[in-house]
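Hi,

Here is the structure I said I'd pass along. Have a look at it first, and then read on for what turned up.

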Amino acid sequence: MDSIIVTGNGPLKGQIPIAGAKNACLTLMPATLLSEEPLTLTNAPRLSDIKTMTTLLQSLGAEVSQLQDGQVIAMSSHDLDNHTAHYDIVRKMRASNLVLGPMLARLGQAIVSLPGGCAIGARPMDLHITALEALGAEIELKDGYLHAKAKGGGLKGAVHELRFASVGATENFVMAATLAKGTSVLKNAAREPEIVDLVRCLQKMGAQIDGEGTDTITIQGVDRLHGATHPVVTDRIELGTYMIAPAIAGGEVECLGGKLELVQAFAEKLDAAGISVEETDKGLKVARRNGRVRAVDVKTEVFPGFPTDLQAQMMALMCTAEGTATLDETIFENRFMHAPELSRMGAEIEVHGGQAKVHGVERLKGAPVMATDLRASVSLILAGLAAEGETRVSRVYHLDRGYENVVSKLRSVGAKIERVKEE
Ligand code: EPU
């Protein structure tokens, strides 16, 4: 298992290119199952989660190949010879559940292992199940697998309202409804940019969809979808992560490909903390020129609110802020596992249920720390950039799920960081 060693080394300067979004790519890939014709994604990120989705789609009979060093994913689901998504693959990644809607729509049946709980919370599937049942699916849980069948041989359009604007349940419903008979309306739909990106791609494939990016999405079912080529939207979470780098270490970094509309709520908090964020013709330029950042309170919310996937990184920033910041996590019930690790570096954090109070300290100190999940891992690296001495982050395989080339990207702006093999 590898570790990453970061040594706090003063201000950063330069440019960091932002990759295509992991969470968009993980929903765009299963969309291949909806069509017999090829689907090609460009601007794909090179991540272990993408490899897991590749293995899953291949296990269902899809052809998937990575071209141009992984930045292009060419897929064809002409012949699907299996409709079971096995536990061995699904357990590695929750997003595996996104094959359920497309398989039901195209094949009229699907058997998908329950993804199970994960470190950040229970993450049940009830919203996915009721949404697909509304479209006429019969779903039964047997031996840890969801057995789903379209009643009467095919899905039928329906009006459904989500109890909570779940990203994954919205994606499964929209994909399934593209091939259902008649019109479907999803109310209280999630509005995340990854959903807008999925809909744009489905539209290129011939789907009739309106209202993406609002809380009501209307889908007019069609008989078949065709092939398409689609560029994956910029990763707003990778973008926000690298925007924190100069905020915490000092200096100025231009995040290439970054757009304010993807991170508006987050950028407003950086601004309130005293960090300048400026749109350029190439991306977003972020700078901390003088003094400590100010403490700001943050509450995670569904889009367009402050994203839960940037909460750990914001906590790292608040550790050295002037004053006390209150962070409320409303999306996942157990997403403060980075707090005890940051405390090992001298941070002063109190956690009570879904709320953390961070009392800023003047300087963090390097320490051995452990990555517990994807966003927690990167928050420890960010903290290491601002700490005195060496921070060794172990279990960085979590990081490989969602950040490509993190070491070379941070090195290119002057950070002292290396990846080492652990005995
Ligand atoms: N939920 C239910 N029942 C369901 C589905 C969700 O109770 O059937 C709950 C979850 O337990 C959670 C909340 O609803 O408490 C939000 O879950 P949601 O379904 O919106 O999230 P997701 O689709 O499972 C995606 C991202 C996550 C991101 C969340 C929230 C992907 C592959 N994953 O997950 O990304 O945190 O939306 O924005 O798109 C990450 O990248 O680090 C990550 C965890």
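One thing before the details: this is a predicted model, so please read everything below with that in mind.

Let's start with the charges. The count of salt bridges comes to 18, and a few of them deserve a look in your viewer. Lys13 and Glu252 pair through their side chains, at 3.6 Å from N to O. Lys13 sits in strand β2 (residues 12-17) and Glu252 in strand β15 (residues 251-256), so this salt bridge ties together parts that are 239 residues apart in sequence. The two ends differ in their surroundings: Lys13 is exposed, with a relative accessible area of 60%, whereas Glu252 counts as buried because its relative accessibility is 18%, and the cut-off for buried is under 20%.

Glu252 has another partner too. Its side chain also meets that of Lys285 in a salt bridge, with 4.0 Å between N and O. Here the link runs from strand β17 (residues 283-288), which holds Lys285, to strand β15, which holds Glu252, and the two residues are 33 apart along the chain. Lys285 is partly exposed, at 26% relative accessible area. If you click on Glu252, then, you should find salt bridges to Lys13 and to Lys285.

Next, Arg200 and Glu212. Their salt bridge has its closest N and O atoms 2.5 Å apart. Arg200 belongs to helix α7 (residues 193-204), while Glu212 is in the loop between β12 (208-210) and β13 (216-220), twelve residues away. Arg200 counts as partly exposed, with 38% relative accessibility, and Glu212 counts as buried, with 19%.

There is also a network of salt bridges, which links Arg46, Asp69, Glu238, Glu404 and Lys409.

Not every charge is paired up like that. Glu36, Glu63, Asp79 and Asp81 form a negative patch on the surface. To find one of its members, go to the loop between β5 (72-76) and β6 (84-85), where Asp81 is placed. Asp81 counts as exposed because its relative accessibility is 63%, and the cut-off for exposed is over 50%.

Now for the buried parts. Which helix is largely enclosed by the rest of the structure? That would be α10 (residues 311-318): eight of its eight residues are buried, so the rest of the structure largely encloses it. The buried residues are Gln311, Ala312, Gln313, Met314, Met315, Ala316, Leu317 and Met318, so you'll see two glutamines in that list along with the alanines, methionines and leucine.

Ala356 is another buried spot. Its relative accessibility is 0%, and its place is in strand β21 (residues 355-359). The C-alpha atom of Ala356 is 5.8 Å from that of Thr326, although 30 residues separate the two along the chain.

Last one: Ser166. You'll find Ser166 in the loop between β10 (159-161) and α6 (167-177), and at 11% relative accessibility it counts as buried. A polar atom of the Ser166 side chain lies 3.0 Å from the backbone nitrogen of Ala169.

That's the lot from my side. Shout if anything looks odd when you open it.

Cheers

Methods: Residues are numbered from 1 along each chain as its sequence is written. This is a predicted model: local features need pLDDT of at least 70, side-chain atom pairs count only at pLDDT 80 or more; totals for chains, interfaces and linings use all residues. Side-chain values use heavy atoms; hydrogens and water are left out. Patches are made of residues with over 30% relative accessible area and no salt bridge: like charges are joined within 9 Å, nonpolar side chains (Val, Leu, Ile, Met, Phe, Trp, Tyr) within 5 Å. Accessible areas come from the Shrake-Rupley method with a 1.4 Å probe; for residues, only the protein chains shown count as cover. Lys and Arg count as positive and Asp and Glu as negative; His and the chain ends are not counted. The place of a charge is taken as NZ of Lys, CZ of Arg, CG of Asp or CD of Glu. Helices (H or I, at least four residues) and strands (E, at least two) are DSSP runs, numbered from the N terminus. Buried means under 20% relative accessible area, exposed over 50%, partly exposed in between (1.4 Å probe, protein chains only). A polar contact is a pair of N or O atoms within 3.5 Å; within protein, one must be able to donate a hydrogen and the other to accept it, and residues adjacent in sequence count only if both atoms are side-chain atoms.
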